[in-house]
Amino acid sequence: MQGGGLKTINKYKLLDKSHAVSLTLDTLGLVSQLARISKDFYEAIHNAGVYNELKVLIQHEDPQVRAKVCNLIGNLCRHTGFFYEKLLNFGLIAAAIECCRDIDRNTRKFACFAVGNAGFHNDVLYDNLRPCVVLLVDLLKDQEEKTRANAAGALGNFVRNSNTLCKDLIKHGALK
């Protein structure tokens with residue numbers, strides 16, 4: 001990390017959509033694990049400058065890639081709000097919200113994790129997360145138990161730091 005190891009991702013374009021899915025998944029997994037382990041890696045991940053690649057990959061035809069990008073976004077928001085504005089500015093919050101509608105159950109599960117963590121540390125993104133309230137309420141009925149749990153956790157996070165989204169939660173039946 002100290003030698004700029006994550007810059008290798010950009011240097012060799014390891015997250016380019018044209019690469020084999022296995023390389024993409026491994027690279028996303030590596031970055032995701034670093035983000036999950038510690039906020040100490042956040043600056044290096046940011047400096048790797050992979051936002052544009054993530055924006056492409058979150059719409060990848062392979063559902064494993066979409067799910068892995070959503071998991072990475074969730075892990076980027078795990079420890080602090082460091083990435084909130086960056087993810088917003090690159091359209092990754094809106095893309096994660098769209099993934100809550102995905103046909104793939106793992107993508108939906110990790111999308112709920114991502115948007116939930118995007119509302120955990122502060123309310124900076126609450127207005128941007130507003131469109132996913134109705135989606136999360138619907139996902140409380142998802143067939144996948146972990147998706148239901150992540151959706152419920154996300155809705156809880158949306159009232160953690162302010163009452164900005166309370167009316168939306170009531171309007172869309174979150175209390176029921």
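**A friendly note on the predicted model**

1. A good place to begin is a charged pair away from the surface: Arg 66 and Asp 102 are both buried. Please keep in mind that this is a predicted model. The two residues form a salt bridge, with 2.7 Å between the closest N and O atoms. This bridge connects distant parts of the chain, since Arg 66 sits in helix H5 and Asp 102 in the loop between H7 and helix H8 (105-117), 36 residues apart.

2. How many salt bridges are there in total? The count comes to seven. One of them pairs Glu 98 with Arg 101, whose closest N and O atoms are 3.3 Å apart. Here Glu 98 is partly exposed, at 45% relative accessibility, and Arg 101 is exposed, with a relative accessible area of 52%.

3. Another salt bridge is formed by Glu 144 and Arg 105, again with a closest N and O separation of 3.3 Å. Glu 144 is in the loop between helix H10 (132-139) and H11, while Arg 105 is in helix H8, so this pair ties together parts 39 residues apart in sequence. Glu 144 counts as buried at 18% relative accessibility, whereas Arg 105, at 44%, counts as partly exposed. In addition, Asp 127, Arg 130 and Asp 168 are joined into one network by salt bridges that share partners.

4. Now for the cysteines. How many disulfides does a search of the whole structure find? The search finds zero. Take Cys 77: its sulfur is 11 Å from the closest cysteine sulfur, in Cys 70, which is too far for a bond. Cys 77 is buried, at 1% relative accessibility. Cys 166 is in no disulfide either, as the nearest cysteine sulfur, that of Cys 132, lies 14 Å away. With a relative accessibility of 28%, Cys 166 is partly exposed.

5. Cys 99 deserves a look of its own. This residue is in helix H7 (residues 92-99), and its 4% relative accessibility makes it buried. Neighbours within four places in sequence aside, Cys 99 contacts Ile 58, Cys 70, Thr 107, Arg 108 and Ala 111. The first of these partners, Ile 58, is 41 residues from Cys 99 along the chain, yet their C-alpha atoms are separated by 8.1 Å.

6. Is there any empty space inside? What the structure holds is one cavity of 30 Å³ or more. The largest cavity has a volume of about 40 Å³. Its lining is made up of Val 31, Ile 45, His 46, Val 50, Tyr 51, Leu 54, Leu 72, Leu 76 and Phe 83. By class, that gives eight nonpolar residues, one polar and no charged ones. Helix H3 (42-48), helix H4 (51-57) and helix H5 (63-76) each contribute at least two residues to this lining.

7. Between two of those helices you will find Gly 49, in the loop between H3 and H4. Gly 49 is partly exposed, at 32% relative accessibility. Gly 49 and Lys 7 are 42 residues apart in sequence, and the distance between them in space is 8.0 Å, C-alpha to C-alpha.

8. Finally, have a look at Asn 157, which belongs to helix H11 (residues 145-157). Is Asn 157 buried or exposed? At 13% relative accessibility, Asn 157 counts as buried. Leaving out neighbours within four places in sequence, Asn 157 is in contact with Gly 116, Asn 117, Gly 119, Phe 120 and Tyr 126.

Terms used
Residues numbered from 1 in each chain as written. Predicted model: local features only at pLDDT ≥ 70, side-chain atom pairs only at ≥ 80, totals over all residues. Heavy atoms only, no water. Buried < 20%, exposed > 50% of the residue type's maximum accessible area, 1.4 Å probe, protein only. Contact = heavy atoms within 4.5 Å. 1 Å grid on protein atoms, 1.4 Å probe; cavity = no way out; pocket = protein on both sides within 12 Å on 5 of 7 lines; lining within 4 Å. Points joined across faces, edges and corners; volume = space filled by probe spheres on them. Nonpolar A, V, L, I, M, F, W, Y, C, P; charged D, E, K, R; others polar. Disulfide = S-S within 2.5 Å. Salt bridge = Lys/Arg side-chain N within 4 Å of Asp/Glu carboxyl O.
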